[in-house]
Amino acid sequence: MKIDVCFSPALYPFYSSGNSKIAVIVDVFRASTTICKALMEGASAIFPVASLEKAEELKSRGYFVGAERNVEKCDFADAGNSPFDYYSEKVKGKEIVFTTTNGTRAIELAAAENEVIIGAFCNISAVSDFCRNARKDVLVICAGWNNLFSLEDTLFAGLLVHRLKCSGNFETSGDSAVAALVLWQQAEPDIKTFLHQSEHAKRLFTHHLEKDFDFCLAQDTLPMVPFYDKSSQKILF
């Protein structure tokens with residue numbers, strides 16, 4: 001099997017081959033981490049929507065809404081994009097409408113022809129095991145920031161490339177997978193210090209979200225693999 005990395009949703013059309021793959025959507029800071037946290041805390045489903053207008057409409061119909069733009073919680077929403085906004089007393093048994101600056105768009109793009117799962121450092125081992133057992137080609141799609149390259153998502157991709165290559169059943173499919181692996185190998189000794197130079201980390205720090213930064217980089221704290229169910233258009237576990 002092969003693994004490749006798409007550095008931005010804007011590049012996804014160049015990776016669309018018509019052959020179904022495992023598409024691992026990653027938005028480390030913070031959508032994919034927060035999706036895992038909400039489901040682990042007992043949310044029944046995550047309903048990703050791309051637009052604020054759709055999220056606000058569903059809010060008016062009684063849905064619990066998590067909505068964020070440019071790091072900040074939207075005024076009309078029940079929660080934002082911090083994993084700490086989602087705890088069992090607040091979300092257990094609820095279906096959450098969820099829209100963020102970057103992550104939800106990547107899910108919509110990939111779902112047309114791929115089996116979509118959600119990845120982050122918090123569930124890296126579970127995602128690695130899933131990909132190995134599925135025995136299909138894997139494409140990591142980095143949510144990035146407004147279609148631009150992001151360090152944190154690429155480091156996750158590099159770690160997944162490393163783990164799948166070490167299994168002996170995968171090889172890299174393109175230069176982007178090789179580049180992600182090289183970046184991971186450089187950052188691995190001290191990933192937090194390495195990511196202090198990233199643009200998105202600086203955004204989090206500007207908003208005093210250092211706790212989110214630490215939580216999103218901890219490995220295997222949420223051992224689950226959320227998947228996108230095409231029939232319901234929801235993320236389930």
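Three phenylalanines, Phe29, Phe205 and Phe213, come together as one aromatic cluster. The model in which this cluster appears is a predicted one, and a search of the whole structure turns up eight aromatic pairs.

Take Phe7 and Phe149, for a start. Their ring centres are 5.2 Å apart and their planes meet at 75 degrees, so the pair goes down as edge-to-face, the cut-off for that label being over 60 degrees. In sequence terms the two partners are distant, with their positions 142 residues apart. Phe7 belongs to the loop that runs between strand S1 (2-6) and strand S2 (22-26), while Phe149 is found in the loop between strand S8 (138-142) and helix H6 (151-166). The two rings also fall into separate accessibility classes: Phe7 counts as buried because its relative accessibility is 17%, under the 20% limit, whereas Phe149, with a relative accessible area of 40%, is partly exposed.

A second edge-to-face pair is made by Phe84 and Phe215, at 5.2 Å centre to centre and with 65 degrees between the planes. This one, too, links distant parts of the chain, its members being 131 residues apart. Phe84 is in the loop between strand S5 (72-73) and helix H3 (88-91); Phe215 is part of helix H10 (residues 210-217). Here Phe84 is the partly exposed partner, at 32% relative accessibility, and Phe215, at 18%, counts as buried.

Charged side chains get in on the aromatic business as well. Lys211 lies over the face of Phe84, 4.4 Å from the ring centre, so Phe84 has both a cationic neighbour over its face and an edge-to-face partner in Phe215. Elsewhere, Arg203 places its charged end over the ring of Trp145, at 3.7 Å from the centre of that ring.

Zooming out, the protein contains 10 helices and 11 strands. The C-alpha trace spans about 50 × 40 × 30 Å along its principal axes. For 237 residues, a compact globule would be expected to have a radius of gyration near 18 Å, and the 16 Å computed for the protein agrees with that. Of those 237 residues, 54% count as buried. Contacts tell a long-range story: among those between residues at least 6 apart in sequence, 77% join residues at least 24 apart. As for the surface, the protein exposes about 9900 Å², and carbon and sulfur atoms supply 50% of that area.

Conventions: Residues are numbered from 1 along each chain as its sequence is written. This is a predicted model: local features need pLDDT of at least 70, side-chain atom pairs count only at pLDDT 80 or more; totals for chains, interfaces and linings use all residues. Side-chain values use heavy atoms; hydrogens and water are left out. Rings of Phe, Tyr and Trp (its six-membered ring) pair if their centres lie within 6.5 Å; planes under 30 degrees apart count as stacked, over 60 as edge-to-face and the rest as tilted. Helices (H or I, at least four residues) and strands (E, at least two) are DSSP runs, numbered from the N terminus. Buried means under 20% relative accessible area, exposed over 50%, partly exposed in between (1.4 Å probe, protein chains only). A charge sits over a ring if NZ of Lys or CZ of Arg is within 6 Å of the ring centre and within 35 degrees of the ring normal. The radius of gyration is taken over C-alpha atoms; the globule rule is 2.2 Å times the number of residues to the power 0.38. Contact means heavy atoms within 4.5 Å. Accessible areas come from the Shrake-Rupley method with a 1.4 Å probe; for residues, only the protein chains shown count as cover.
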